[in-house]
Each structure stands twice: as structure tokens, then as C-alpha cells.
Amino acid sequence: MRILYLVIPCYNEMEVLPKTSGIFQQKIKELIEKNIISKESKILFVNDGSKDDTWNVIKTLVHKDPIFIGISLSRNRGHQNALLAGLMEAKKYCDITISLDCDGQDDIQAIDKMLEEYENGSDVVYGVRSDRKSDSFFKRHTAQVYYRILRRLGGDIVYNHADYRLISSKVLNELENFKEVNLFLRGLIPLVGFRSSCVYYERKQRIAGKTHYSLHHMFALACEGITSLSIRPLQLITRLGILIATISFIGVIWSIASYFSHRTVSGWTSMTCIVCLVSGVQLIGMGVIGEYIGKMYMETKHRPRYIISERTSVDQVEEQMDETK
């Protein structure tokens, strides 16, 4: 029988975790009772260097029920690195992983359909939102624009899919060979290949607490996705440069022709506009090129993508609690 691990990254989630952990627990036990998954299946929480009491909440859950386990990263490494840490930890012990958020927005009932797709031969099953009603007007429309842009730039991603997905241990073993420091798993998983399918679900409102994905974080993730998966922006800069050079060449010919025909006048305004336009394009081009050079710089350092500072087990947590008494 298949061993399933739910992999759930957590960052400052002490408010919502006590509420959603019971939902995850009930679902896993339900699947075990139906003999769909093994009794050795677990719920793995990944503490991404939380500044609140999240890690203590995780250890309390482990103490109450061994179905829960947890790892804590040495510092905050971001959602994608925390998720990767959980997946790499889980693959040692399980046949299947399902990653999801701890805020209760991902429909837990979609797990049944994911497992059905796995049994039908899919090694990767993407949880795809059927709509974006729970999002704000701004987020809903910017997300749609972003997915279209990323696809046009060559990114092989699944539309309206975040990080709710089933991955078999076979795929995880191959994913381990991808050594990128700049992680964007939504685009990296499709690159690994293997047979995949989609399960559609309706995303709910957050059960408790506040989202940690600000506009700044969403923009950073969007840039990460584009620059991690495609060099098309560099090619667009080259084409833009050729276009501007062509226009400038035509402008030079026109200026010379105007000079010899004695039709030249003071052109301060037009000259200023041209200089500003060309300077702006150059700065944008340098910024995009610099972004890629910066990523190459980080990749060449071969720094670890995450460091696990602590792991939980029932015995370990009991010992720590005895010491504090």
C-alpha cells in the first residue's frame, strides 16, 4: 500500500495551524481507514524560520499524534525553498507526496481525485483552480496577465496552478538532480517530465491569520518565474535595440538631409525626448541583463538552498518537554 506524505510549508502560522492541522489529520486518517494509503503515511510541516510560535505549535502536534512530523529550517528561506526541503525530506520515506498550503485554502477533498489520477498512471497531478473568485479584482486580473506573459516568454507552466500538487517519489528523485538556487517549482516540475494530469478545485478563503504574500512578494515571485525559466527577455532586448538603432539611423539620414536643404531649426524638445527614450531603454536593458548576471553569480556559489536545524519525532519532543518541567 502507498505511503503518502502531506508536505506543508509554514511561516508565522501559529494562528491558523491549530485549526487546519485537524483538517489534515482527519483526511489522512480517513484515507487510511479506507485502505487507500498506508498507516505509515504522515503530515510533514516545514517551519520556514518563523518568528512567532509556529515551531512550538508543530512540536505540540507531534506530541499529541505521531501522524504529525516536522522539520525546522535554520532561517527563513522563502516558500519555494521550504517546500523543496519538505519534498526532499519526505521522499526518503514515502511513495507519494502532496504539497499544499497550511491556511486551509486548498480544497483537501481534491486529494481523493489526485490519488485516483496517480493510480491511473500519473506521476504528477496538478491541483488547478477552477476559478479565482476568492481573489481580489487586482490579483485576479494581474495573475491572468502574468500566466499569459510567462507562457509567451517560453515558460512551461500550468495555468492557474500554484503549489498544490501530487508528486511521486520517482519524480522527486529526478527533481533532486536540478541544482538551481533560484527556485520556481511551478515551472521546474513540468521540466522534469513524466506523465501528468490535472485535478480542478475551488480555492477557499483563508481560515485564520493573514496572508504573508504581499504585493512585493508576488512581484518578486513573478520575476523569479520569468528569469528562472526563460532567456526570452534578453532576446526581446536585442530586438528592441535593433528596432531603436534602425529608427535612429533613419533619424540621422533625415537630419543630414535637413541640414543640406537648409531646413534645420532649434530642436531642443525633440532632442530631449529622444535622449530620454534611448536612456530609459538602455537602463531597462541593463537592469534585465543585471538580473540574469546576478542569478548566475548566485548559482556559481553553490550555496545550500536550505539548512535543516531541527527535526521532530515523538521521543525527541517528549524528552524536550521533560527537560522544561
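**Close-up 1. Thr54 is a buried residue, with a relative accessibility of 0%.** This view, like the others here, comes from a predicted model. Thr54 belongs to helix H2, which covers residues 54-64. Two polar partners are worth picking out. The side chain of Thr54 makes a polar contact of 2.6 Å with the side chain of Asp52, and the Thr54 side chain also reaches the backbone nitrogen of Met14 at 3.3 Å. Once neighbours within four places in sequence are set aside, the residues in contact with Thr54 are Cys10, Asn12, Glu13, Met14, Leu17 and Asn47. Met14 therefore turns up both in this contact list and as the polar partner through its backbone nitrogen.**Close-up 2. Cys10, one of the residues that Thr54 touches, is a buried cysteine.** Its relative accessibility is 1%, and so Cys10 counts as buried. Which cysteine sulfur is closest to that of Cys10? The closest one is in Cys102, at 4.1 Å, which is too far for a bond. For a disulfide, the two sulfur atoms would have to lie within 2.5 Å. The structure as a whole holds zero disulfides. Another cysteine to look up while you are here is Cys94, which is buried at 6% relative accessibility.

**Close-up 3. Ile167 sits in strand E6 and is buried.** The strand covers residues 161-168, and the relative accessible area of Ile167 is 0%. What does Ile167 touch, apart from its neighbours within four places in sequence? Its contacts are Leu87, Ile96, Thr97, Asp123, Leu172 and Ile189. For a sense of how the chain comes back on itself, take Tyr118: 49 residues separate Tyr118 from Ile167 along the chain, and their C-alpha atoms are 8.8 Å apart.

**Close-up 4. Tyr306 lies in a loop and is partly exposed.** The loop runs between helix H10 (268-301) and strand E8 (308-311). Buried means under 20% relative accessible area and exposed means over 50%, so Tyr306, at 22%, counts as partly exposed. Leaving out residues up to four places away in sequence, Tyr306 touches Leu73, Arg77, Asn81, Leu84, Ala85 and Met88. Arg75 makes a handy distance check: the C-alpha atoms of Tyr306 and Arg75 are separated by 8.3 Å, with these positions 231 residues apart along the chain.

Methods:
Residues numbered from 1 in each chain as written. Predicted model: local features only at pLDDT ≥ 70, side-chain atom pairs only at ≥ 80, totals over all residues. Heavy atoms only, no water. Helix = DSSP H or I, 4+ residues; strand = E, 2+ residues; numbered from the N terminus. Buried < 20%, exposed > 50% of the residue type's maximum accessible area, 1.4 Å probe, protein only. Contact = heavy atoms within 4.5 Å. Polar contact = N/O pair within 3.5 Å; in protein donor to acceptor, adjacent residues only side chain to side chain.
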